[in-house]
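The following questions and answers examine a structure through its ligand contacts and helix packing. Please consult the sequence and the coordinates alongside each turn.

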Amino acid sequence: MTPNCTSAIHLLLLGLGIGPGDEVIVPECTWIASATHITHVGATTVFADIDEATWCMSATSLEAAITPRTKAVIVVDLYGNMPDLDAIRQVADRHRIVVIEDAAGALGSVYQGAKAGSFGIGSVFSFHRTKTITTGEGGMLLVDDDRLFKRCHFLRDHGRSQTKHYFNTEVAYKYMPCNLLAALGHAQFQRIEVLVQAKRHLLSRYRQAFADIPDLYLNPEPPAGRNGAWCTALIFGKSHGMNKEKVIDELVKGGFEGRPFFYPLSSMPAYGGETPEKKCKNPVAYDLSGRGICLPASFRTSDEELLAYCNAIRSILGKSPLVNFT
Ligand SMILES: Cc1ncc(COP(=O)(O)O)c(C=O)c1O
């Protein structure tokens with residue numbers, strides 16, 4: 001366990017020895033935490049496009065972003081969706097780069113029979129207050145390599161010697177977990193299926209609410225697996241002529257909250273802002289992000305609240321309201 005998922009990513013990059021002169025690839029559409037520590041270790045962030053069907057990085061976009069300096073790729077299981085990890089692994093192996101799986105929001109997702117978090121040399125989870133399992137703040141680092149595990153373990157506790165008390169052999173970090181929060185997380189792990197099913201219930205309600213409207217897209221189910229549905233997102237197909245700002249404005253006017261699909265990271269001021277070149281390089285991310293919103297995902301959302309929210313979206317699309325869920 002780590003203080004949060006962001007610090008788990010930092011620890012993993014440090015453990016892998018990634019630093020100045022190295023490049024690390026991340027998808028355009030993710031929470032900024034997937035990428036920030038690439039900058040903090042002194043490496044260069046390279047943004048890859050996302051896939052129209054999975055909304056995650058594709059193997060093709062990964063391959064297009066690889067250069068002789070690429071050391072690692074951080075693949076993100078966005079909103080519980082799973083990327084095509086078989087194809088991504090093949091590309092990464094061919095180019096000898098390590099795969100890190102950011103499964104922050106994918107607890108309970110399964111791809112080709114394997115659980116999210118079991119791919120790559122290391123993976124990370126988040127137990128942030130909005131996540132399927134929460135410890136208020138918290139995260140987890142899973143490492144599939146003994147040497148790397150020992151290195152991360154050492155770096156997270158001030159580079160403390162294993163054999164001599166209060167003796168430090170390197171200037172390192174304080175990324176220790178809080179044991180009280182670990183107890184909270186452990187208790188929630190006992191009922192993980194109940195929590196994941198509650199998230200999947202929301203996804204199935206949304207599927208019902210929009211089933212009669214063509215050209216609308218919700219989190220897809222991965223091949224031979226399932227979507228943990230941490231957060232359901234809705235992409236408006238081009239035929240609806242919608243963009244996320246317009247939908248959010250309408251929702252807010254109706255007294256509802258509206259949250260956007262993640263902006264392409266390269267378009268934000270933190271990474272220098274949008275340019276025609278960036279948009280042209282990763283067109284799917286810029287296009288999909290512009291047409292997507294995140295739907296209410298709280299465990300405590302009642303059917304009545306869900307119905308009112310879905311009907312607000314149906315009304316924006318000029319569709320009649322649903323009377324109830326079946
Ligand atoms: C994809 C992704 N990665 C990393 C994080 C960071 O998690 P934390 O807030 O636990 O540091 C988040 C948080 O929402 C996330 O969605």
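Q: How many Å separate a polar side-chain atom of Lys131 from an oxygen atom of the ligand?
A: This is a predicted model. Lys131 is among the residues that come nearest of the 14 around the ligand. The distance from a polar atom of the Lys131 side chain to a ligand oxygen atom is 2.6 Å.

Q: Which residue has an N or O atom in its side chain 2.7 Å from a nitrogen atom of the ligand?
A: The residues that come nearest to the ligand include Thr6 and Asp102. For Thr6, the ligand atom concerned is an oxygen, 2.4 Å from a side-chain N or O atom. The 2.7 Å pair with a ligand nitrogen atom belongs to Asp102.

Q: What is the orientation of helix 1 to helix 2?
A: The axes of helix 1 (residues 5–15) and helix 2 (residues 33–40) come within 9 Å and cross at roughly 40°. Angles from 65 to 115 degrees count as roughly perpendicular and those under 35 as roughly parallel. Helix 1 is therefore, relative to helix 2, oblique.

Q: How many charged residues does the contact of helix 7 with helix 11 have?
A: In helix 7, His201, Leu202, Arg205, Tyr206, Ala209 and Phe210 meet Asp303, Leu306, Cys310, Ile313 and Arg314 of helix 11. By class, this contact has 7 nonpolar residues and 1 polar residue, while the number of charged residues is 3.

Q: Is the crossing of helix 7 past helix 11 left-handed or right-handed?
A: Helix 7 (residues 192–210) and helix 11 (residues 303–316) pack with axes 10 Å apart, at an angle of about 40°. The crossing in which helix 7 passes helix 11 is right-handed.

Conventions: Residues numbered from 1 in each chain as written. Predicted model: local features only at pLDDT ≥ 70, side-chain atom pairs only at ≥ 80, totals over all residues. Heavy atoms only, no water. Axes fitted to C-alpha atoms, helices over the stretch in contact; angles between N-to-C directions. Helix = DSSP H or I, 4+ residues; strand = E, 2+ residues; numbered from the N terminus. Parallel < 35°, antiparallel > 145°, perpendicular 65-115°, else oblique. Near = heavy atom within 4 Å. Polar contact = N/O pair within 3.5 Å; in protein donor to acceptor, adjacent residues only side chain to side chain. Left-handed = near helix turned anticlockwise from the far one by under 90°. Contact = heavy atoms within 4.5 Å. Nonpolar A, V, L, I, M, F, W, Y, C, P; charged D, E, K, R; others polar.
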